[in-house]
Structure formats: structure tokens, C-alpha cells
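Welcome! Here is a short tour for anyone meeting this structure for the first time. Take a look at it below, and then read on.

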Amino acid sequence: ATALNVPTSEFEQKDRCADLPHRPRVLLGKMGLDGHDRGVKVIARALRNIIIATNKETLQTELQRIEKARETIGKDVETLNKTIQSKEGQTKVQALVDARVAYVEVTKQYMELVKAGDLDKARSLLLGNLRTVQGKYFVVIEDLIDFQTKMAKDTAKEGNESANRAT
């Protein structure tokens, strides 16, 4: 039996870093928006549940879910603002921030209508403007995820090309 940590192929046996002044460092991490769309989906479900809630406990639970998801998303957006350096990336993050601001505003309006007991107006807002703003927010999230995915793939390709040149 072959041990798992013993190099078995010619590729594995060759030390591709022998001539470098230091060993390369590899950072593994998650994409900046990992879970961001799930957080928005949690909010969407909670907004739906609020309108059909028949008791105060359910209403309060859903409002707490919304606040927790908003807080998490806010932290994610702050991280993105600090870490994305490219001009195109910064433009996409700003679009995300703008879409989020619009979404948070309309959800606040909706929640105020529900709290005030004006369920007909709340339902109308949910099925109208809120849904439209939410759809735009999802498009911006997907655009930024696509951008990050492309950047990760491009970086991997460059790394592979660099490794191949070193051999």
C-alpha cells in the first residue's frame, strides 16, 4: 500500500519551488458574497411570512430574522468595500450598496405598514414596488458574484501558467 503523503507521480515528485527564495503562500478563502443572496432570501421569506402571520410571536420572530440577516449582510458589504481593489470591482460593490439601500428602505416601509396594521397597503407594497426593488437587488448580487467568480478563475489560470513556466 502507498502512503497518502508520498509523491507518486513525476509531477508530485519534482520540487517546483526549489529555485524560489521562499515557499509560495496559498490563501484559501470564501468569495466575498458567499451567502449574501441567502441572507436576502431569508429576508424575502420573512417579509412574506409577516403578512400571513396571525399572532404577535410569529411577527416578532420574523422581524428579528430580518434584523439579523440585515446585520450579517451589512458586515459582508463592509468587508467587500475594504477588500475589492479593482476599479470594476469597486463600481460593482457601489452598485450593490445602492441596491441594498433601496431594498432596505422599501422593506422598512413595508414593516411599518404591517406594524401599523395596514395589511392591505403592506400587501400591495410587497407585491409591487418591494418585489421590483428586490429583483434589482438580486441582479446586482448575481453580477458581483459573476465578477468575483471570473476574477478567481483568472487568478487560478495565471497561477497555473506561472507554475508551468517555472518548470
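A good place to start is the largest nonpolar core, which holds 32 residues; Leu-47, Ile-50, Leu-96, Tyr-103, Tyr-110 and Tyr-137 are the ones that touch the most other members. Four elements each give two or more residues to this core: α2 (36-52), α3 (56-83), α4 (87-115) and α5 (119-166). The largest share comes from α5, with 10 residues. Please keep in mind that this is a predicted model.

**The chain as a whole**
- You will find five helices and zero strands in the chain.
- Following the sequence from start to end gives the pattern α-α-α-α-α.
- The chain has 167 residues, and 30% of them are buried.
- Among contacts with a separation of 6 or more, 70% are between residues 24 or more positions apart.
- As general background, nonpolar side chains in soluble globular proteins tend to be buried together.

**How α3 meets α4**
- The axes of α3 and α4 lie 12 Å apart, and the two helices pack at an angle of about 165°.
- Because angles over 145 degrees count as roughly antiparallel, α3 is roughly antiparallel to α4.
- The crossing in which α3 passes α4 is left-handed.
- On the α3 side, the residues that meet α4 include Leu-59, Leu-63, Ile-66 and Arg-70.
- On the α4 side, the residues that meet α3 include Val-93, Leu-96, Arg-100 and Met-111.
- By type, the residues of this contact of α3 with α4 are 12 nonpolar, three polar and five charged.

**How α4 meets α5**
- Helices α4 and α5 also have a packing angle of about 165°, and their axes are 9 Å apart.
- That angle makes α4 roughly antiparallel to α5.
- Here too the crossing is left-handed, with α4 passing α5.
- The contact of α4 with α5 brings in 21 nonpolar residues, five polar ones and five charged ones.

**A residue to look up: Gln-134**
- Gln-134 sits in helix α5.
- Is Gln-134 buried or exposed? Its relative accessibility is 14%, and since buried means under 20%, Gln-134 counts as buried.
- Which residues does Gln-134 contact, leaving aside its neighbours within four places in sequence? They are Ala-44 and Tyr-103.
- Tyr-103 may sound familiar, as it is one of the core residues that touch the most other members.

Technical notes
Residues numbered from 1 in each chain as written. Predicted model: local features only at pLDDT ≥ 70, side-chain atom pairs only at ≥ 80, totals over all residues. Heavy atoms only, no water. Core = buried A, V, L, I, M, F, W, Y, C linked by side-chain atoms within 4.5 Å. Buried < 20%, exposed > 50% of the residue type's maximum accessible area, 1.4 Å probe, protein only. Contact = heavy atoms within 4.5 Å. Axes fitted to C-alpha atoms, helices over the stretch in contact; angles between N-to-C directions. Parallel < 35°, antiparallel > 145°, perpendicular 65-115°, else oblique. Left-handed = near helix turned anticlockwise from the far one by under 90°. Nonpolar A, V, L, I, M, F, W, Y, C, P; charged D, E, K, R; others polar.
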